[in-house]
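Here is a small set of exercises to work through with the structure open beside you. Try each task before reading its solution.

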Amino acid sequence: MSKAKSSRDRRVFQPSVTRVTRSSVNLQDPQRIKPSASCLVNDLSLMRVSEQQASSTTRKGKSAKDCNTPQNLSPSPKSALSSPAGGSAPHGALATISRLMKLGRVRNIVVVAGAGISTASGIPDFRTPGTGLYANLVKYDIPYPEAIFNIDYFSDNPHPFFSLAKELYPGYHRPNYVHYFIRMLHQKGLLLRMYTQNIDGLENLCGIPDDKLVEAHGSFATAACHLCYTPYSAEEAKQAIMNDKIPICTFCAGAVKPNVVFFGEDLPEKYFQHAEDFPKADLLMILGTSLKIEPFASLVNTVKSTVPRLLLNRDPVGPFERRPLKRGDYMELGDLVDSVQKFADILGWHSEIQHLMNCHENALFCNTDPNSGENSDSSETDSRISDSSGPSN
Ligand code: CNA
């Protein structure tokens, strides 16, 4: 794995994202980047901002004829203009953000995600009481929860991580609706980049292309010696781990591990794209994360202060814990799949996502190329120039 100079360290506080380490403690909403003039502020202030959830919406998504047919996201002049404050349109965080999207104000979405997007796929997160990995660590026989991702601890005893790895290895779980929603953002030409902390590979499996994805905490796709970084066959490492053996470096005899980023380890080179991506974002979506791991958690504070941030999570986290919420911050609390389906409903994408999901999963199941026929580049171009074309829903 390509290594950057900075490392993921669980103890060090980061004054800014230029000093990048992984830490289990997050910064509390430091000053966001200085506001720049943006019509988004005006748009938002004209819109009704309510804690109320979006009222019941009908599932009226266009049914796609083909999984890979890109659907333009176009401004919907009627719905957008008929949604003044106090109007009859649905209100709440999701409705407000979807109005911005329909107005064509959102074209560069950055998605920041964590383990909560994969719990519906059957993969436990870290911190959910009862079901999270941290609540079920007795079987791994470790002194404290973070030890399982501590590189020094691994050096001493790789078995606990390998036991966990057996459960997390890609191949045993399927992407869920949330993953396909993010892929749909890409197909609509709206996804600037997805930054995920997850190591389960489900983003990749659902068809989000590599160039749209930053696996900030690495993945199981490659492996190397944890001491000398000599690359090792990922498949052979997997076979060994699955058979309760320790893969050994042929060069220095150190334990080999998948290139999942541990506390105290370097983050992948790709992570540093954030310095260009976040200032370009016109919407930040934060999905299923406790925002407890640095430097990832602080990324959410690096979009411009005029850029709306939407949190979809079971509970408020990071800067969304403050009351009242900062202007431009929106959240929808509850089960992520429910929230994302509600969002898709309001956008009119629900059937399209379901169709995409069914086709893609069938293709994966039948072992055919699920992305054959897709022309994501043209979909991107189409929707980015679609201001004058008709609405997609
Ligand atoms: P976390 O600290 O466990 O937080 C998860 C968040 O998601 C919590 O706030 C939960 O309340 C929320 N959540 C969980 N399920 C749902 C749901 N169904 N609906 C709504 N909200 C939900 O995990 P983070 O991602 O914040 O921490 C980062 C760690 C977790 C990374 O280093 C990962 O490597 C690590 N991790 C990854 C996976 C994976 O790849 N699937 C699994 C477990 C841990």
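**Exercise 1. Decide whether His217 is buried or exposed in this predicted model, and find its place in the chain.**

Solution.
- Start with the accessibility: His217 has a relative accessibility of 3%.
- Now apply the cut-off, since buried means under 20% relative accessible area. At 3%, His217 therefore counts as buried.
- Next, find its place: His217 lies in the loop between strand S4 (213-215) and strand S5 (218-225).
- Finally, look at the annotation: an unreviewed UniProt entry places the feature "active site" at His217.

**Exercise 2. UniProt lists Cys225, Cys228, Cys249 and Cys252 for "binding site" (unreviewed entry); work out how they are arranged in space.**

Solution.
- Compare sequence with space. The four cysteines span 28 residues in sequence, yet no two of their C-alpha atoms are more than 8.5 Å apart, so they gather at one spot.
- Take Cys225 as one of them. Cys225 belongs to strand S5, and it counts as buried because its relative accessibility is 1%.
- List the contacts of Cys225, leaving aside neighbours within four places in sequence: Thr230, Cys249, Cys252, Gly254, Ala255 and Val256.
- Turn to Cys252, in the loop between H8 and S7. With 31% relative accessibility, Cys252 counts as partly exposed.
- Apart from residues up to four places away in sequence, Cys252 touches Cys225, Leu227 and Cys228. The two contact lists both record the pairing of Cys225 with Cys252.

**Exercise 3. Look into the backbone at Asp244 and Ala253, then at the bonds leading to Pro295 and Pro324.**

Solution.
- Begin with phi. Asp244 has a phi near 60°, a positive value in a residue other than glycine.
- Ala253 is not a glycine either, and its phi is positive at about 70°.
- Place them: Asp244 is in the loop between helix H8 (234-242) and strand S7 (256-260), and Ala253 is found in the loop between H8 and S7 too.
- Check accessibility. Asp244 is exposed, with a relative accessible area of 56%, and Ala253 counts as exposed at 52%.
- Move on to omega. The peptide bond from Glu294 to Pro295 is cis, with omega near 10°; Pro295 sits in the loop between S9 and helix H10 (296-299).
- The bond from Arg323 to Pro324 is also cis, with omega near -5°, and Pro324 belongs to the loop between S10 and strand S11 (329-333).

**Exercise 4. Explore the aromatic pairs, of which a search of the whole structure finds 14.**

Solution.
- Classify one pair. The ring centres of Phe126 and Phe149 are 5.5 Å apart and the planes make an angle of 50°, so this pair is tilted.
- Locate both partners: Phe126 and Phe149 are in the loop between strand S2 (109-113) and helix H4 (151-156), 23 residues apart, and the pair links distant parts of the chain.
- Both Phe126 and Phe149 are buried.
- Repeat this for Phe161 and Phe162, another tilted pair with 5.9 Å from centre to centre and 50° between the planes. Phe161 is buried at a relative accessible area of 2%, and Phe162 is buried at 5%.
- Put the rings together: Phe126, Tyr134, Phe149, Phe154, Phe161, Phe162 and Phe262 form one aromatic cluster.
- Add a charge: the charged end of Lys257 sits over the ring of Phe262, 4.6 Å from its centre.

**Exercise 5. Which residues touch the most other members of the largest nonpolar core?**

Solution.
- Of the 41 residues in this core, they are Met101, Phe181, Met285 and Trp349.
- Trace the contributors: elements giving two or more residues to the core include helix H3 (93-102), helix H6 (177-187), strand S9 (283-287) and helix H12 (350-365).
- Another core, of 28 residues, lies apart from it and includes Tyr140, Phe162, Ile199 and Phe263.

**Exercise 6. Decide where to be careful with the pLDDT of this model.**

Solution.
- The chain averages a pLDDT of 77, and 70% of the residues score at least 70.
- Over residues 1-7 pLDDT stays under 50, and over residues 27-66 it also stays under 50.
- Where pLDDT is low, the predicted coordinates should not be read in detail.
- Keep that in mind for the 96 contacts beyond four places in sequence that the model has for residues 27-66.

Conventions. Residues numbered from 1 in each chain as written. Predicted model: local features only at pLDDT ≥ 70, side-chain atom pairs only at ≥ 80, totals over all residues. Heavy atoms only, no water. Phe/Tyr/Trp six-rings, centres within 6.5 Å; stacked < 30°, edge-to-face > 60°. Helix = DSSP H or I, 4+ residues; strand = E, 2+ residues; numbered from the N terminus. Buried < 20%, exposed > 50% of the residue type's maximum accessible area, 1.4 Å probe, protein only. Lys NZ or Arg CZ within 6 Å of the ring centre and 35° of its normal. Core = buried A, V, L, I, M, F, W, Y, C linked by side-chain atoms within 4.5 Å. pLDDT = per-residue confidence, 0-100. Contact = heavy atoms within 4.5 Å. UniProt positions renumbered as here; feature names shortened; annotations may be inferred.
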